[in-house]
Each structure stands twice: as C-alpha cells, then as structure tokens.
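Here are some exercises to work through with the structure open beside you. Try each task yourself before reading its solution.

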Amino acid sequence: MSAVVQFGWKQRPRHLFIFAILYKSSLAAVRRERGIPVRKSIGSAVVTVTASLFISTAAHAVVGTWIGPTNSSWSNTAAWQGGVVPNGQGDTAQYVAGGSQVTVQDIAAGVTVGTIKLSGTSNSSWQFTPNNDIFLNQDGAGPGRASIINDMQGTGATTNLAIFMNAQSGTNPGWWNLQDDLFISNTSNSTRPTGSVQLRGRIQGNGNIWIENASNNIAAGQVAFTAQGNYGGNTTIAKGAVTFTRGDIFSPSPGNFVTIGSTGGGDATLAAVGGGLGNIENNFVAAAGSGGTLVFAANSSTSGNINIKSTNTNAAAVRLDGDLSFDNRATNGSIFVIGDPITGVGKLTKIGVGAMRVTHTNSYTGGTVVDTGRLTVGSAAVADSIFGHYDATVGALGPGNVTVKGTGSLEIETGASANAIADTATLRLNGCDSAFGCAGGVLGTADGGHLDLGVGINEVVRALLLSSDGGTNYVAQAPGTYGATGSGAANILDEYFAGAGILTVTPAGIAGDYNSDGKVDAADYVLWRKDTAAHGGDPGGYTTWRQNFGNPPGAGAGLSGSGAVPEPGTLLLMAAGVLLACVGRRVR
C-alpha cells in the first residue's frame, strides 16, 4: 500500500503531500524572484512530481516465480516463490522450468500481469487455464507492451517446449484481455509440432499484437492461434512463422490489418491450417523492406478450399507493399482462393504444390511468377452465405510481366476478365523437360511451365518469350497466334500451351508510346515525367519520346494535333491539360 500522511483533516497519499509542499515552494519562489513567470515554477514542480510518480509505479511492479505444484491455483501463495503472487500492472509471472506445469486462474475479479515468461533448459511447458479473466497490461497507454515470452533453451529433447494460453475450463468465464499492446516472442529452440506459443483461449480488448518468432517453420515451433479473436487491434507477424485455424482468429473485420513481415525483420510466414476456417475478412499486408522472404501459406487438412474474401466487396484487400509468395502446401485438392483484390507495388509469386485461384481484378504492379503448382485466373458468382452477401467478380492478374516456370502452370478460365494478362505484358514460358532439369517433364507435352487457355479465351500480350533450357535463355516469338493442338492458333506449341483458347502476340509497340494507346503524344510525356526510370530513364526516355512524337502519322499528337515537338512552355501546358482531363474524368 502507498504510504500516507495526515494532511488537514483527511489522510492523503504521500505523493500528494509532496506535491502540495512543492507547489507552495514554487509560489514562494515567484514572490521572491518576481521576474520568473509563475507558470515556469509550477511547471518545474509538476515535472518533478510526475517523474517521482513514474518511479513509484515502476517500483511497485513485482516478479512472481511459479514453483507449483502443477494444477495449483493462481491465488495459492505457496505456489509462488516467497509467496509473491503477481497481480498488478507491469507485474511479471515467470517459470524457470523443471517440469511441465499448469496454473489455474481462480481469482474471480481477474488477475493483471505485464509479462508471462517461460525459461530454463528442460523439455517442459507451462499452461494457463483462465477460469477467470487474465488482463495483459504493462503500462496501459504508455510506451511499453505486455509480453508473452518463451525463452526455453532445451539441452536435450525440444519437442515439448511451449507456453499454452488455454481456454477456460467448462462454463467458466475467463478470457484473455488486452489492456495494452501485446508482444509475443519465441526465442526458444522449441520444435513442438503444435507450436512454441499456443493461443487457445479467446482474446478480447483493443490492443495490437506484434509477433517475433525464432522459428519460421509452420510445423515446428510456430506461434499458433486456435481460438476466436474479438480484439480490435492490428496484428503484425514481424518475423518467423504464425499459424491460424479459424477465419475469425484476427477478428473478422476489414478494419483489422494483418501484416506479414516488418522492415529489416527477415523471413516471415502466415499460414492458414486445419479445416473449416470459415470466412476470412481481414486486410492483409506484405511489408516493405523486410530483407527476407514473406509467405502467405495455406495447408488445409480437408479438401475444402481456404477463402480470403470479404462480404462487403472491396472492403478488404491483400496489399503488396513488398513481394509476397502464396504457398499452398495441401495435397488433398484444397485450393487457396483469393477473392479480395490484390493491390500494391510488390510481386506475386505462386509456390507450393497445391492450387491457387484469384477471382478479382487485381492491380499489383510488381509482376507475377508461377514457380510451383497451378495458378488459376477465374471468376466468382454472386453468392449469399451465413456470413453475408458476396458480389460477383472477375479475375485478372496485375498489369506487370508474367513468368511461368518449369513446375508451375498458369490457367485462364472461361469467365475470367477479357484482360486477365495485361495487353502490355511480356509473358515468359519455361516449358518442362527432364533434359533441362524439370523432373518428369516430357518434351512436347504441357506438363509444366505452360499456359492453359479456356474455351473462347483470346489472351493478348505485347511479347512472348519461350525458353528451352529451363529459363536460362529465352527466344522472342514473332507476332501471331499461339496455342495447343485443336485451338486453331497459327502456331501450335504443345510444350507451352494447353486448352482450347489462343494467345495473340501483338506487333511491336511504337517507341515512346508509354501508355500503349497506339500513339506518341503529350500523355506519354506525362507518364515519363511521373516515373522516368520505368520509361527509358532521363534523358533516354525523353529522347525516345521526342524522336517519335506524333507517330504514327495521322494518329494525332495529343492536344496540339501536330506532329512537331512542342516548345517546353507549350509542353508543360499540354501536360497540365492531360492531368486536368484525368482529374475531370475522376470527378465525374
């Protein structure tokens, strides 16, 4: 308890008594000095007292060390070393493991801790059963975060090392409550298949969750979420592997963002595992500048699909601030379906033997690589379910270039967008032949590194490059139509194409036509100015544009209608006109 003093006719806490003395002293100083503002003297007293209050708060935090025996109650002083029971903001509950233990939270009013930590060298675990609430609170709205830490370093077997944040037993009302942001850390050498930190109980509150895991293996030492979430904050997988088994783990709301990776954090993986995940409606983000490989994985235990799609169309998205690999590890026919739009500047890479399907018109600009397995561009019909209403959507890849490697395949379904691959894209197909290292590949058969085109599809690209050595070298193909036997295309290449549809390679574009509208005009200059590096550089891109301004003859040269290159002043006015026209179209 805080020390108290008699002040007037009531008892006051000691820190209020000190504040009163300092306040009176500051007033006396003002009277003596006169030249010093009252505000400054009182401010000094307030700063001094505020600092003392922070020190006082820190001094009250305790460290409780659990000694058991297992299945003892939290309130049992004999189960804590020295009888120190942690139950306050900033308190630490720790266990230096000698054998696996279970702690039962029995205090009806709930307990509060800032840190829960497991350490030691044995192959042990620590479980918490919250029959009443557990509040995680380091310093409330302060700069600190509550923490759950597994720092166990097993010297022998490591398959049992874990912290379990269990669900309550029976009908008991206990939840895990975030009264602060939460830091989840696994620095242990755990190889436990079910996870090193297991969040099995329901989480509520408004804190954000930040996760750092030394293991990037979704089947050994991962941080595992298995219960419904009801918290309003965002979740960041800063490094390492995190798995989830329900669509509502991160609270199914487009207002909640789940970020994979962090700046400088290295490799990070988020994996949807198990069966029957339900509706997944969060915004997902691939962080920029991680310096590692970021993976969004699926590994369903049933043949049912894993779907990322919000009921309120376009309410949520998968945003690629950095590159992101989509990995479907399922071998039971389960498809990883992304029904929300994929946006951003990063690259999409399809890996994993299982199939992936996109059913929305996507706008990510970093290009597409199909490395392993099948990526399908399809569509989704209008639908209603217990989760809500889904609008119909049609699928398209982002506008960048596309590469399909030896063990991957890209399928454009009938019903996908008419521009599933951008008309301005370069398409690279590697084919698959065992002669150049593609296992099981048969020359002349579309068994990998190929494009599968549905009935009625006539996909258009700017350039088609084919490899006969596994992607080391490519040969550009002439303009024309390409497809498999029976497609009716002029060029039949069964090594690289399957299905009844065709691919049309357009003639080479006009130099300087940066927006690919068939003419070189002021709009192309605007595009060059916005991103010179992507359009020939400076001055190279400008020189190309200038030399071809007005081409082709008769097509018009933009606002001036003349093939002559305008003067700089006129050029700026033309560019401004183009921009205003664009703005006008958006406003309307």
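The exercises below go from the whole chain to single strands and helices, and the model they use is a predicted one.

**Exercise 1. The whole protein**

Task: Find how many helices and strands the protein has, and what share of its residues count as buried.

Solution:
- Step 1. Start with the secondary structure, which comes to five helices and 46 strands.
- Step 2. Turn to burial: of the 588 residues, 48% count as buried.
- Step 3. Finish with the contacts. Taking those between residues at least 6 apart in sequence, 67% join residues at least 24 apart.

**Exercise 2. A threonine in a strand**

Task: Decide whether Thr 259 is buried or exposed, and list its contacts beyond its neighbours within four places in sequence.

Solution:
- Step 1. Locate the residue: Thr 259 belongs to strand β21, residues 257–260.
- Step 2. Compare its accessibility with the cut-off. Buried means under 20% relative accessible area. Thr 259 has 19% relative accessibility, so it counts as buried.
- Step 3. Collect the contacts. Once neighbours within four places in sequence are set aside, Thr 259 touches Thr 235, Thr 236, Ile 237, Val 285 and Ala 287.

**Exercise 3. A strand covered on both faces**

Task: Work out which strands pair with β23, and which of its residues are buried on each side.

Solution:
- Step 1. Look first at β21, which runs parallel to β23 and is joined to it by four bridges. Here Val 258 has Phe 284 of β23 as its bridge partner.
- Step 2. Next comes strand β26 (residues 318–320), which pairs with β23 in the parallel sense over three bridges. In this pair, Phe 284 is bridged to Val 318 of β26.
- Step 3. Now check the faces of β23 (residues 283–286). Asn 283 and Val 285 are buried on one side, and Phe 284 and Ala 286 are buried on the other, which leaves both faces covered.

**Exercise 4. Following a run of parallel pairs**

Task: Trace the pairing from β22 through β24 and on to β27.

Solution:
- Step 1. β22 (residues 266–274) and β24 (residues 291–300) are parallel and share eight bridges. Within this pair, Leu 270 sits opposite Phe 296 of β24.
- Step 2. β24 also pairs with β27 (residues 324–328), again in the parallel sense, over four bridges. There, Ala 298 is opposite Asn 328 of β27.

**Exercise 5. Two open sheets and their edges**

Task: Give the strand order of the open sheet of five strands and of the open sheet of four, and say which strands stand at the edges of each.

Solution:
- Step 1. The five strands are ordered β7-β10-β13-β16-β19, with parallel pairing.
- Step 2. The edges of this sheet are β7 (111–113) and β19 (229–231); each has a single partner strand, so one side of each lacks a neighbour in the sheet. From one strand to the next, the twist averages 25 degrees.
- Step 3. For the partner of β19, look at β16 (residues 203–205): the two pair in the parallel sense over three bridges, and Gly 205 stands opposite Tyr 231.
- Step 4. The sheet of four runs β40-β46-β43-β44, and its pairing is mixed. β40 (458–461) and β44 (491–492) are its edges; with a single partner strand each, one side of each is therefore left without a neighbour in the sheet.
- Step 5. Check one pair here: β40 and β46 (residues 502–505) are parallel over four bridges, with Val 461 bridged to Val 505.

**Exercise 6. Two helices side by side**

Task: Describe how α3 and α4 pack, and where the buried residues of α4 fall around its axis.

Solution:
- Step 1. α3 spans residues 522–530 and α4 spans residues 540–548; they pack at about 180 degrees with their axes 10 Å apart. Angles over 145 degrees count as roughly antiparallel, and α3 and α4 are therefore roughly antiparallel to each other.
- Step 2. The contact brings Asp 524, Tyr 525 and Trp 528 of α3 to Gly 541, Tyr 542 and Trp 545 of α4. These residues divide into four nonpolar, one polar and one charged.
- Step 3. The buried residues in α4 include Gly 541, Trp 545 and Asn 548. Down the helix axis, the buried residues of α4 fall within an arc of 80 degrees, so they line one face of the helix.
- Step 4. Past the end of α4 comes Gly 550, with a positive phi near 95 degrees.

Definitions and conventions
Residues are numbered from 1 along each chain as its sequence is written. This is a predicted model: local features need pLDDT of at least 70, side-chain atom pairs count only at pLDDT 80 or more; totals for chains, interfaces and linings use all residues. Side-chain values use heavy atoms; hydrogens and water are left out. Axes are lines fitted to C-alpha atoms, for helices over the stretch in contact, and angles run from 0 to 180 degrees between N-to-C directions. Angles under 35 degrees count as roughly parallel, over 145 as roughly antiparallel, 65 to 115 as roughly perpendicular and the rest as oblique. Contact means heavy atoms within 4.5 Å. Ala, Val, Leu, Ile, Met, Phe, Trp, Tyr, Cys and Pro count as nonpolar, Asp, Glu, Lys and Arg as charged, and the others, Gly among them, as polar. Two strands pair if DSSP finds at least two bridges between them. Buried means under 20% relative accessible area, exposed over 50%, partly exposed in between (1.4 Å probe, protein chains only). The arc is that of the directions from the helix axis to the C-beta atoms.
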